[in-house]
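Biologist: I have a structure open in front of me and would like to learn how to read its helices. Could you walk me through a few?

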Amino acid sequence: MSDIDNSPEQADSKDTQPGNLPVDPHNGKDQSANTVESGIVSSQDLQTPDPSREKGVTPASPPSGQGTQEGKTHQHSAALSAPCWCKSPPPGQSDSDPSTGSHDASRHTGAKTSSAGKGHKRQFFMIDMVLLMLCGIILPVITLAVELCTHMCGEIYVNPIPTYFHVALIALVPFGNFLAWRAMRRGRSDHFIRLALINGVTIGISMFYALIFLPLIPFAMFAVIFFGFGLLPLSPVYSFICAVGVALQLKKLDPAGCTTSATGFVLLGILLAWLSMAALELPGFMAHIGLTQAVAAGSPEKNRAGIRILRAFGCEQAILKDCYDHSATVSDLPGLMFGAYNYINREEARNIYYRVTGRPFNSVPRPKIAGFTGFDDNWFNNWDPEVAGEQVGGRANGVSLAASSIDGSLMGDAAVGYLEWTMTFQNESQSQQEARTQIALPPGSVVSRVSLWINGVPVDAVFGQKGVVRQAYQAVVAKKRDPLLVTSAGPNRVLLQCFPVPPANSETHQAGEMKVRIGITVPLVLETKDKTCLFLPHLLENNFAVKGVHNIRLLSESPLVTSLSALKSESGAPTCLTGTLSEDGLSAPGLYINCRRCPEIGQYWSSAPLSHNKTFLVEKVQETTEQPPTHIAIVVDGSKVMGPHMKAIAQSLSHIHPEIKAEVFFASDEISALSPEKSSSHSASLDSARRDLLLAPCVGGPDNVPALLEACKSAKATPGGAIVWIHGPQPVLFDPSTEYLFSDRKGTDRPMLYDVEVKSGPNRLAEAIQKAVDLQPITRRKQSLDKDLEDIFSGWTGLRKSYKFVRLKTDSQPAGPGTTAIEPCAQLSTLFTFQQTEKLLAAGKDEEAVRLASHSRLVTPVTGAVVLETKQQYLANGLDPDNPDNSSTKPSFHGFNISAAPEPHEWCLIFIAAGVLFLTICKRRFLARSRA
């Protein structure tokens with residue numbers, strides 16, 4: 001009440017009450033007659049001149065602090081006599097117009113209203129400040145922090161923060177609103193232009209994300225009512241409203257008196273924000289355009305254009321994310337809005353990644369959900385849809401090869417050996433994972449033992465038909481038990497997969513471990529009569545990282561020599577070679593060890609196991625002279641990884657004998673893969689071929705099938721023709737019917753195909769055509785490619801002698817000069833049985849081959865090995881651990897065992913998983929479009 005009583009307006013209303021009317025100073029008459037009921041002063045009194053105003057004297061302000069009604073009356077009497085309060089309004093203007101300075105009853109009755117209005121405005125101002133703090137600052141900060149820690153939105157809808165730059169832009173929203181809040185609290189801004197610009201950026205960013213989350217608003221409102229989590233997706237909308245409200249009040253904060261227009265700077269800030277977002281999303285948007293064109297059916301021109309777009313804009317990470325089941329990013333939505341987005345499945349994306357980069361997609365680490373390393377352990381990113389599949393597939397999150405050791409013993413004179421590779425896998429994630437790897441075996445070797453540690457005890461595998469053991473593995477994987485599976489994956493290659501690698505301990509954070517072992521029976525390569533060679537196995541493709549220490553320990557009665565500086569020979573008998581390989585050493589081809597032998601020994605013999613000296617196994621040294629091919633067709637892979645080796649390949653062509661007809665085929669993605677009829681065939685001369693190879697563009701990853709088909713046709717046209725295929729990794733089979741394309745090459749006249757790998761990696765093409773051609777893998781022995789190719793080409797002169805072992809079975813005991821008897825040798829028996837299995841397969845006797853390999857416990861193209869926990873699990877899946885013949889106990893079945901029902905306690909997890917994936921499935925169905 002004190003504020004209201006001391007106001008001039010209230011004083012006027014009190015002084016004009018009856019009984020306190022003023023007296024005219026000129027005539028001294030009472031002015032009550034000149035007043036009306038409204039209390040307005042007469043026009044005569046309003047027209048009375050003011051001497052003090054004429055002289056330029058400012059009227060004195062009425063005294064304040066009068067405690068009596070009389071004092072207030074005299075105070076207001078003097079105020080009414082001043083002409084500045086008593087000026088008549090101009091014609092046509094109301095008396096209550098404040099611009100005229102008139103004094104009417106509205107000022108009397110509206111005094112309390114004006115004061116109350118100021119109070120309401122003050123109240124509304126405080127409410128606006130609180131809302132701005134809550135909705136424009138605190139809520140965006142909480143939303144960003146929650147998404148950084150949990151990636152909740154990135155898992156079920158759209159990943160709003162795929163990079164650090166997105167995080168920085170989103171952080172500008174609460175920062176800009178905070179600067180505006182501070183300026184409004186002070187009532188002015190010393191940096192008005194900067195504030196307007198930042199406010200425009202805030203509006204632009206919040207508007208962009210508000211449009212992205214617009215489809216979630218109905219669900220968010222429902223979540224707010226029932227769960228309280230709906231505020232997070234509503235945060236961009238609230239931030240946008242707050243930023244627009246700040247923009248409307250910016251002029252009041254200008255200290256220059258609103259001389260500077262804030263609208264222009266706000267619009268400039270909005271433009272800068274949208275340009276920044278466009279720059280961040282351009283690679284992803286162009287990736288979707290390129291992917292859509294690259295997979296367009298029946299349009300080679302679009303395919304080539306799409307691949308060029310992807311290479312030009314460097315869209316490797318965007319394609320890599322499509323190689324996995326990942327959540328959408330903000331760049332997906334612009335593509336969808338403009339009709340440029342088309343759903344790409346995993347296999348298509350993986351093929352395109354190879355065509356763009358020339359590398360297998362799983363040769364690089366798995367992409368993170370949001371590009372951060374510390375917040376990527378969640379159910380969505382740990383989910384592996386390729387568990388128990390027939391391919392290595394994508395990288396598993398948190399799984400690594402923590403340690404391994406290769407222990408073995410070699411018999412240099414008999415040229416046989418046995419290696420055991422023990423691997424320890426670790427899982428640092430919070431979910432069970434499967435470890436998968438493809439292993440390159442030494443030439444001619446076979447896996448003859450498989451073990452898995454269960455409760456600290458190694459358990460050996462049961463061998464059986466390949467389809468049966470895979471079905472058993474898949475059935476037990478569905479139960480989340482401990483199986484291990486090893487199957488053949490091509491010439492001298494096996495696929496190892498084990499599940500589950502247990503998750504890390506949630507309390508101690510100690511990684512879970514799983515330990516496996518494979519035993520490999522190895523024939524040593526006979527280089528000369530007095531020297532054999534052992535090639536070490538190595539990893540070709542894996543879904544885990546390689547870490548830790550990897551030890552080598554080999555024993556031999558004969559001296560061991562190696563060029564590997566990491567391995568050292570220990571003196572004593574037997575000779576011991578020990579050392580440690582690096583992480584790259586486990587994946588490097590051409591790691592070999594030489595073992596000396598006695599050149600006078602011509603053959604070894606041993607009694608066959610369980611034959612009671614009635615059957616004998618003989619291994620003879622056979623000397624042959626290589627017959628050079630009369631015509632060779634050289635196919636050079638044009639992938640990106642081949643670029644640094646083109647000079648070495650071109651130089652090696654000069655070592656081809658002049659009498660051998662040679663032609664060079666260059667497999668280019670732009671020519672061979674898409675237009676086979678325009679394949680770059682160099683048949684004029686080797687000199688021109690060398691020049692063309694030096695200038696050949698090595699980009700991406702081309703399809704080598706068209707060039708190989710042309711080479712097969714050319715080599716088959718000449719008797720004694722051969723093919724030399726020089727290539728990098730081949731992780732993609734472009735055409736599923738590739739095997740049938742080479743099927744007409746079967747027969748006695750099919751050419752020999754020498755497979756030369758420049759860089760170790762998966763080879764899907766060799767797996768597909770191994771039954772249609774005589775595939776001969778060439779193991780590299782030199783440190784440089786040109787030396788290896790020189791040895792191959794210069795050896796085709798018809799003069800160089802070669803040595804090899806021939807293994808056979810006889811009923812009579814061998815005798816003669818150079819014959820040496822050895823103790824019953826399991827390795828010699830294993831290699832002989834493996835040789836017989838290959839002969840049966842070549843003759844089309846698959847059932848006999850399965851029975852022989854299962855009985856002898858071998859992993860072959862038709863048999864595999866599996867480790868289960870209990871005997872009941874073996875019997876339930878058609879395997880008998882007590883019966884060595886598991887060839888036809890149960891028919892082969894490819895795929896998961898659909899009859900295996902989950903255990904009762906797993907239904908809860910299934911419903912939870914279904915709820916989490918519901919929105920993802922709906923999104924995929926919406927994005928999927930039919931192709932012509």
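Modeller: Gladly! Let's start with α19: 11 of its 13 residues are buried, so this helix is largely enclosed by the rest of the structure. Do keep in mind that this is a predicted model.

Biologist: Which residues of α19 are buried?

Modeller: The buried ones are G467, V468, V469, R470, Q471, A472, Y473, Q474, A475, V476 and V477. "Buried" here means under 20% relative accessible area.

Biologist: And what do the buried residues of α19 pack against?

Modeller: They pack against five strands, β5 (433-440), β8 (462-465), β9 (484-488), β10 (493-501) and β30 (863-867), and against the helix α29 (871-876). As for its length, α19 covers residues 466-478 and reaches 19 Å from its first C-alpha to its last, close to the 18 Å expected. Just after the helix, K480 takes a positive phi of about 60°.

Biologist: Now, how do I describe two helices that pack together?

Modeller: The general idea is to give the angle between the two axes and the distance between them. Take α10 (residues 192-212) and α12 (residues 231-248): their axes come within 8 Å and cross at roughly 150°. Angles over 145 degrees count as roughly antiparallel, and α10 and α12 are therefore roughly antiparallel to each other. Their crossing is left-handed.

Biologist: Which residues meet where α10 and α12 touch?

Modeller: From α10 come N199, T202, I203, S206, M207, Y209 and A210, and they meet P236, V237, S239, F240, A243, V244, V246 and A247 in α12. By class, this contact has 11 nonpolar, 4 polar and no charged residues.

Biologist: I see spacings of three and four in such lists. Why do residues three or four places apart point the same way?

Modeller: An α-helix has 3.6 residues a turn, so residues at that spacing point the same way.

Biologist: Is S206 buried or exposed?

Modeller: S206 has 2% relative accessibility, so it counts as buried. This serine lies in α10 and, leaving aside residues up to four places away in sequence, touches V173, P236, S239 and F240.

Biologist: Let me try another pair. How do α27 and α28 cross?

Modeller: The axes of α27 (residues 826-842) and α28 (residues 846-855) come within 8 Å and cross at roughly 165°. These two helices are therefore roughly antiparallel to each other, with a left-handed crossing. T833, Q836, T837, L840 and L841 in α27 meet D846, E848, A849, L852 and A853 in α28. The residues of this contact divide into 5 nonpolar, 3 polar and 2 charged.

How values were computed: Residues numbered from 1 in each chain as written. Predicted model: local features only at pLDDT ≥ 70, side-chain atom pairs only at ≥ 80, totals over all residues. Heavy atoms only, no water. Helix = DSSP H or I, 4+ residues; strand = E, 2+ residues; numbered from the N terminus. Expected span 1.5 Å × (residues − 1). Buried < 20%, exposed > 50% of the residue type's maximum accessible area, 1.4 Å probe, protein only. Contact = heavy atoms within 4.5 Å. Axes fitted to C-alpha atoms, helices over the stretch in contact; angles between N-to-C directions. Parallel < 35°, antiparallel > 145°, perpendicular 65-115°, else oblique. Left-handed = near helix turned anticlockwise from the far one by under 90°. Nonpolar A, V, L, I, M, F, W, Y, C, P; charged D, E, K, R; others polar.
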